[in-house]
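Okay, thanks for squeezing me in. Let me put the thing up on the screen and then walk you through a few spots in the backbone and a few cysteines.

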Amino acid sequence: MRLRQSERARLARSIGARWAVQQQRLFLPMSNDILERRERETERILALYEREAHKYDREMRIFEKLLFAGGREWVCSQAQGEVLEIAVGTGRNLPYYGEGVRLTGMELSPAMLEIARGRARELGRDADLRVGDAQALDFPDERFDSVVCTLSLCTIPDDRAAVAEVRRVLRPGGWFLLLEHVRSPVLPIRVAERLLEPLMLRFEGDHLLREPLDHLRTEGFEVERLERSKLGIVERVAARKR
């Protein structure tokens, strides 16, 4: 039976995701049940972004203006040397990297990645943009000087695994640079986030109550710069690998 190109691509992605999970069964202290649930959620998020890729940029513009203005510039301006951006999405960060950066971008959704590649061509930005899973990075240890992540840990099913993978691929003294929406320390805002989260999880795969600082400190990062805004909903973080 001959498979169409799109079917072959889906099959390859499925095989790749299962291989990554099998590798983590060997090395991470997780039960098969936890890893299988993570795999199912990863496949759900992939399907969601494959469907939504064509309208992602349009929908993000209003949130960028209301909540995240200047955040991408803040993060990308601090990236140096060999840089990995996890969950590069449609490439909205590409205009903000310095000239000396050697950029690798990784994204779960091929549809999102195609938009990022088009943006890179328009900007004349030389970047290695590839399909991959932030929860199981296909890079050797201590490969990068900086890792960038913007508005993505809220959606990655196992954000703790993603932070651990970032630490693994960073060189000693390397920077993990983040822009994220998080659970607010302001009680009425946090209550509203808690009420909204079930809907956001179902339709957008978006966690409103996560706090990346918890995992950064658990994984041994030194948080050197931290900025909070918008009633504590938005965080900008620069953390160094010890």
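So, look at Gly205, right after helix 6: its phi is positive, about 65°. Keep in mind that this is a predicted model, so every angle I quote is the predictor's.

Now step back into helix 6 itself. The helix covers residues 187-204, which is 18 residues, and at 1.5 Å a residue it should span 26 Å. The C-alpha atoms at its ends sit 24 Å apart, so that agrees. It does have a bend, though: about 40° at Leu196. And within four residues after Leu196 you run into a proline, Pro198.

Back to phi. Most residues other than glycine have a negative phi. Which residues here go positive without being glycine? Ala87 is one of them, with phi near 55°. You'll find Ala87 in the loop that links strand 1 (82-86) to strand 2 (102-107). Lys230 does it too, at about 55°, and again that's not a glycine. Lys230 sits in the loop between strand 6 (221-229) and strand 7 (234-241). Is Lys230 buried or exposed? In between: its relative accessible area is 42%, so Lys230 counts as partly exposed.

Okay, cysteines. How many disulfides does the structure hold? Zero. Take Cys154: the nearest cysteine sulfur belongs to Cys149 and is 8.0 Å away, while a disulfide would need the sulfurs within 2.5 Å. Cys154 is at 4% relative accessibility, so it counts as buried. Cys76 is buried as well, with a relative accessible area of 0%.

Now the whole chain. We've got seven helices and seven strands, and from the N terminus the order goes α-α-α-β-β-α-β-β-α-β-α-α-β-β. Of the 242 residues, 48% are buried. If you take contacts with a separation of 6 or more, 69% of them join residues 24 or more positions apart. The exposed area is about 12,700 Å², and 53% of that comes from carbon and sulfur atoms.

Last thing, confidence. Mean pLDDT is 90, and 88% of the residues reach 70 or more. The stretch to watch is residues 6-28, where pLDDT is below 50; this stretch still has 18 contacts in the model beyond near neighbours in sequence. Where pLDDT is low, the predicted coordinates should not be read in detail. That's what I had, so over to you.

Terms used
Residues are numbered from 1 along each chain as its sequence is written. This is a predicted model: local features need pLDDT of at least 70, side-chain atom pairs count only at pLDDT 80 or more; totals for chains, interfaces and linings use all residues. Side-chain values use heavy atoms; hydrogens and water are left out. Helices (H or I, at least four residues) and strands (E, at least two) are DSSP runs, numbered from the N terminus. Buried means under 20% relative accessible area, exposed over 50%, partly exposed in between (1.4 Å probe, protein chains only). Contact means heavy atoms within 4.5 Å. Accessible areas come from the Shrake-Rupley method with a 1.4 Å probe; for residues, only the protein chains shown count as cover. pLDDT is the predictor's confidence in each residue, from 0 to 100. The expected span of a helix is 1.5 Å times one less than its number of residues. The bend at a residue is the angle between axes fitted to the seven residues ending there and the seven starting there.
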